[in-house]
Amino acid sequence: MNTVKCPTCKTQVAFGSPDFPFCSDRCRQIDLGNWATEQYRFSSPIIPTTGEEGAPLPPPDSDLED
Ligand SMILES: [Zn+2]
(Lines give C-alpha, C1' and ligand atoms only; values in the text may rest on other atoms or scores of the structure.)
Protein backbone atom coordinates (compact mmCIF):
# COMPACT_ATOMS: atom_id res chain seq x y z
CA MET A 1 0.00 0.00 0.00
CA ASN A 2 1.71 3.10 -1.22
CA THR A 3 -1.30 5.32 -0.94
CA VAL A 4 -3.07 7.26 1.76
CA LYS A 5 -6.44 8.95 1.80
CA CYS A 6 -6.57 12.65 1.11
CA PRO A 7 -7.57 14.27 4.43
CA THR A 8 -9.97 16.53 2.59
CA CYS A 9 -11.78 14.39 0.04
CA LYS A 10 -10.62 10.88 0.96
CA THR A 11 -9.22 10.23 -2.48
CA GLN A 12 -6.36 7.75 -2.61
CA VAL A 13 -3.12 9.66 -2.88
CA ALA A 14 0.12 7.96 -3.86
CA PHE A 15 3.31 8.51 -1.91
CA GLY A 16 5.53 10.95 -3.72
CA SER A 17 2.65 13.06 -4.93
CA PRO A 18 3.68 16.73 -5.11
CA ASP A 19 0.75 17.60 -2.88
CA PHE A 20 1.09 14.58 -0.59
CA PRO A 21 -0.73 13.76 1.60
CA PHE A 22 -3.35 15.73 -0.26
CA CYS A 23 -4.56 14.77 -3.71
CA SER A 24 -4.23 18.32 -4.96
CA ASP A 25 -3.21 21.80 -3.90
CA ARG A 26 -6.90 22.65 -3.70
CA CYS A 27 -7.47 20.04 -1.01
CA ARG A 28 -4.37 21.22 0.82
CA GLN A 29 -5.70 24.76 0.95
CA ILE A 30 -9.08 23.56 2.14
CA ASP A 31 -7.50 21.55 4.94
CA LEU A 32 -5.25 24.41 5.99
CA GLY A 33 -8.25 26.70 5.95
CA ASN A 34 -10.14 24.38 8.26
CA TRP A 35 -7.14 24.11 10.54
CA ALA A 36 -6.72 27.88 10.67
CA THR A 37 -10.39 28.25 11.50
CA GLU A 38 -10.03 25.79 14.35
CA GLN A 39 -6.99 27.64 15.66
CA TYR A 40 -8.78 30.94 15.46
CA ARG A 41 -11.76 29.57 17.36
CA PHE A 42 -9.63 28.10 20.11
CA SER A 43 -7.16 30.96 20.39
CA SER A 44 -9.54 33.47 21.94
CA PRO A 45 -10.20 31.91 25.37
CA ILE A 46 -6.56 31.00 25.88
CA ILE A 47 -5.18 33.62 28.25
CA PRO A 48 -1.83 32.97 29.91
CA THR A 49 -2.11 33.04 33.66
CA THR A 50 0.22 35.49 35.28
CA GLY A 51 0.97 36.37 38.88
CA GLU A 52 2.13 33.01 40.21
CA GLU A 53 5.40 32.60 38.34
CA GLY A 54 5.33 35.69 36.16
CA ALA A 55 6.97 38.98 36.95
CA PRO A 56 7.25 39.05 40.74
CA LEU A 57 5.69 42.07 42.34
CA PRO A 58 7.85 44.04 44.78
CA PRO A 59 7.05 43.45 48.44
CA PRO A 60 4.32 45.82 49.63
CA ASP A 61 6.52 47.11 52.44
CA SER A 62 9.38 48.18 50.16
CA ASP A 63 8.33 51.82 50.54
CA LEU A 64 8.61 51.64 54.32
CA GLU A 65 12.36 51.20 54.43
CA ASP A 66 12.82 54.80 55.46
ZN1 LIG B 1 -8.41 15.65 -2.06
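Let's start with Gly16, which sits in the loop between strand S2 (12-14) and helix H1 (25-43). Helices here are DSSP runs of H or I with at least four residues, strands are runs of E with at least two, and both are numbered from the N terminus. Before I go on, a word on the model: it is predicted, so local features need pLDDT of at least 70, side-chain atom pairs count only at pLDDT 80 or more, and totals for chains, interfaces and linings use all residues. Residues are numbered from 1 along each chain as its sequence is written.

Back to our glycine. Is Gly16 buried or exposed? Gly16 counts as exposed because it has 7 C-beta neighbours inside 10 Å. The cut-offs, with C-beta atoms placed from the backbone, are these: 20 or more other C-beta atoms within 10 Å of a residue's own make it buried, 12 or fewer make it exposed, and anything in between is partly exposed. Asn2 lies 14 residues from Gly16 along the chain, and their C-alpha atoms are separated by 9.1 Å.

Next door, Phe15 belongs to the loop between S2 and H1. Phe15 is exposed too, since it has 10 C-beta neighbours inside 10 Å. Which residues does Phe15 touch, leaving aside those up to four places away in sequence? They are Asn2 and Phe20, where a contact means that the two C-beta atoms, placed from the backbone, lie within 7 Å. Phe15 and Val4 are eleven residues apart in sequence, with 7.5 Å from C-alpha to C-alpha.

Phe20 brings us to a backbone detail you may enjoy: its peptide bond to Pro21 is cis, with omega about 5°. Pro21 is found in the loop between S2 and H1.

Now for the other loop, between strand S1 (3-5) and S2, where Lys10 lies. Lys10 has a positive phi, near 70°, and it is a residue other than glycine. With 10 other C-beta atoms within 10 Å, Lys10 is exposed.

Finally, the whole chain. The protein has one helix and two strands, in the order β-β-α along the sequence. Of its 66 residues, 6% count as buried. And among contacts between residues at least 6 apart in sequence, 3% join residues at least 24 apart. Thanks, everyone!
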